[in-house]
Amino acid sequence: MTIHRLLIANRGEIARRIIRTCRALGIETVAVHSDPDADGLHVQDADLAVRLPGSAAAETYLRADLIVDAATRSGCDAVHPGYGFLSENAEFASAVLAAGLTWVGPRPETIGAMGSKVEAKALMRKAGVPTLEIDPDSIDIDRFPVLVKASAGGGGRGMRVVHSPDRLQAELSAARAEAASTFGDDTVFVEPYLPTARHVEVQVVADQHGGCWVVGDRDCSIQRRHQKVIEEAPAPNLAPAVRDRLHAAARSAVEAVDYVGAGTVEFLVHGDDIFFLEMNTRLQVEHPVTECVTGVDLVAEQLRVAEGQPLPQRDFTPRGHAVEVRLYAEDPAHGWAPQTGRIAEFDFAATEFEIPSEFGIRVDSAVGAGSAVGIHYDPMLAKVIAWGPDRARACRMLVDALRRGRIHGLATNARLLRTILQDPGFLAGHMHTSLLDEQLDDWLRSTQPDLTAVATAAALADAEAASTNSAVQQRIPTVWRNAPSADRTRRYRCGGDEVEVSYRSVRGHLQLADGDHHAVQVTPDAVRLVTNGVSASYLVTRSGTTTFVDGPGGSVDLEQVPRFTPPEQEVAGSLLAPMPGVVTAVAVELGAAVTAGQQLMTLEAMKMQHSITAPVDGVIESLPVAVGTQVAAGTMLAVIDESASER
């Protein structure tokens, strides 16, 4: 059959990615959207759109009945699930087929078998593929640490490292709760934890006629909380024999379940040993790196297979090297706090959703300037991909793209990504799944911007803008004062740091007071500074009380600190929300005695569960939140009377 109109049962960058291929193939597209996504770019990109009333994923994108109804009402003949949400839900695939629609994905029975990691491991053992396994009811103490994982999960959701037997039951419970919230299935299992292993996966595509492509491999070892952060293809520093065994095991997995469609077989590589982890019966987030080095449009091949066409013969020898980073709205320097709000600027010099015609930069983004980022969904803003002649040059290109990209309005992990990509160990290919956790403190220290130069550029541009935009006394020189000995100052805050800049006007021109820098150009939107004989250019824009600066070190947002700030009134013992989110559990009552470190409540933000613990011993004096309360960062969650514990 031929697909004419396709509903995409997803949101964000993957929906936009699928739409881009459909346009090239002449296929009409239908987007679905929750209320917060009504103005989303995927809705604007699609030919048609259908509203799914509500905000949370559970009442919108996870409602199979609503999505199938949307497909039939909008005249679609096929459904593409994207990734996440219902993409690996066998019941959803069956419902799509039962409605007479074409399902762009594997057969429901295959999704069911491989969607359960427990069942998938059993199938792989039967097919002769090595696996990791451990019985949670009979774990010897010398087997710790172990890893708790969600059977239906992915992306690090519902996953916990347990270092001692006394923590096992608590972590099993926490993993079950997170898995149920994210996937609707609280089944978890336990396997040995191999912190120095690499995470390597193999891309496969299989048709309905027995044809199978083993497209290539990817390394996804740079992870945080077991969620991939940097991916690349091909996997570097793999012995040829190990690579051959990985590809052969992936082909065995396809044959074991009579797989149809695009999928990924994931492995742990520990020395020369390989262990099956799981099979993702869908397109992966990191598929662009494989597309770049092979020239294969994996979405187009998914559609080809769904239409019943056979896969042609093809050579998958990789050309060059591709590296992808996941750009998140989060603040690594402050506990990875998720960021919400509106994006002021988002601009990369890159192709969008397409393989560059020659080596270059590709960006698959969920957002643009003006997009709102809320608490309901994953905080990933975009994937930035560099495709170069070799790994070293691809990494260098990606660092430069992140440095030159203009991203303002929310804190992101861009600087940390640049630091990782320049790390000598990473560049040498010495990677494993715990590397980010091991190196994080050193990497974070390396990410701090040079606030002095950035704030200097901001102060001069803001002063010029204030003079230019003044409604009165426009003929008076910039920052003119009737007490010429007194310098003007501006103060800015970035993260937890503050910096003050002093400057004066000399014959109508701005001059810095410190003498370390001097300005050779100042306009409201551009400053050129000279330091030790080296000049640097800065672009400056502003929104409200925030000044945005783009310079040699990348993008920086500076909050303007008012000259006269009223003293903050904060209740002693108050416990504030570290991030915006929804309270999903409250473990204490008003008047309860608590000890430092005791869990008080759980906050869910962007599909992750965050434990809120007591910072001190005391008694709960105030508890203004309950299950279901939606809070902003800084909202008071509880007040602990520390003195009560001493009575």
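These are my notebook entries on a predicted model.

**Entry 1: cysteines**

I looked for disulfides and found zero in the structure. Cys-22 is in none; its nearest cysteine sulfur belongs to Cys-76 and is 10 Å away. A disulfide needs the two sulfur atoms within 2.5 Å, so a pair at such a distance does not qualify. Cys-22 has 0% relative accessibility, so I log Cys-22 as buried. I then checked Cys-220. Cys-220 is also free of any disulfide, and the nearest cysteine sulfur, on Cys-395, is 14 Å away. Cys-220 is buried because its relative accessibility is 0%.

**Entry 2: helix α5**

How many of the eight residues of α5 are buried? I get six, so the helix, residues 108-115, is mostly covered, given that buried means under 20% relative accessible area. The buried ones are Pro-108, Thr-110, Ile-111, Ala-113, Met-114 and Gly-115. Next I asked what covers them. The cover includes two helices, α4 (90-98) and α6 (117-126). Strands β5 (102-103) and β13 (273-280) are also part of the cover.

**Entry 3: helix α10**

I ran the check on α10, residues 298-306. Eight of its nine residues are buried, so the rest of the structure largely encloses this helix. The buried list has Leu-298, Val-299, Ala-300, Glu-301, Gln-302, Leu-303, Val-305 and Ala-306. Glu-301, a charged residue by class, is on that list.

I looked at both ends of the helix. At the start, Asp-297 points a side-chain oxygen to within 3.1 Å of the backbone nitrogen of Val-299. Just after the helix, Gly-308 has a positive phi of about 90°.

**Entry 4: α12 against α14**

Two packed helices are described by the angle between their axes and the distance between the axes. I took both values for α12 (residues 414-421) and α14 (residues 435-445). The angle is about 110° and the axes are 10 Å apart. That angle makes α12 roughly perpendicular to α14, because the perpendicular class spans 65 to 115 degrees.

Which residues make the contact? From α12 I list Leu-416, Thr-419 and Ile-420. From α14 I list Leu-436, Leu-440, Trp-443 and Leu-444. Sorted by class, the contact has six nonpolar residues, one polar and no charged. Thr-419 is the polar one.

**Entry 5: Leu-172**

I picked Leu-172 in helix α7, residues 168-183. Is Leu-172 buried or exposed? Its relative accessibility is 6%, so Leu-172 counts as buried. Leaving out residues up to four places away in sequence, Leu-172 touches Val-148, Val-188 and Val-190. I also took a C-alpha distance from Leu-172 to Cys-212, which sits 40 residues apart from Leu-172 along the chain. The two atoms are separated by 38 Å.

**Entry 6: Thr-602**

I moved on to strand β35, residues 599-605, where Thr-602 lies. Thr-602 counts as buried because its relative accessibility is 10%. Its side chain makes a polar contact with the side chain of Gln-599, at 2.9 Å. I then listed its touching residues, again skipping those up to four places away in sequence. One run is Val-582, Val-583, Thr-584 and Ala-585. Gln-609 and His-610 complete the list.

**Entry 7: backbone geometry**

I scanned for cis peptide bonds. One joins Phe-144 and Pro-145, with omega about 5°. Pro-145 is in the loop between α6 and β6 (146-150). Another joins Ala-233 and Pro-234, with omega about -5°. Pro-234 is in the loop between β11 (227-233) and α8 (240-256).

I then looked at phi. Asp-258 is not a glycine, yet its phi is positive, about 50°. I place Asp-258 in the loop between α8 and β12 (261-270). Trp-336 is not a glycine either, and its phi is positive at about 60°. Where does Trp-336 lie? I find Trp-336 in the loop between β15 (330-331) and β16 (337-338). Trp-336 has 13% relative accessibility, so I log Trp-336 as buried.

Technical notes
Residues numbered from 1 in each chain as written. Predicted model: local features only at pLDDT ≥ 70, side-chain atom pairs only at ≥ 80, totals over all residues. Heavy atoms only, no water. Buried < 20%, exposed > 50% of the residue type's maximum accessible area, 1.4 Å probe, protein only. Helix = DSSP H or I, 4+ residues; strand = E, 2+ residues; numbered from the N terminus. Polar contact = N/O pair within 3.5 Å; in protein donor to acceptor, adjacent residues only side chain to side chain. Contact = heavy atoms within 4.5 Å. Axes fitted to C-alpha atoms, helices over the stretch in contact; angles between N-to-C directions. Parallel < 35°, antiparallel > 145°, perpendicular 65-115°, else oblique.
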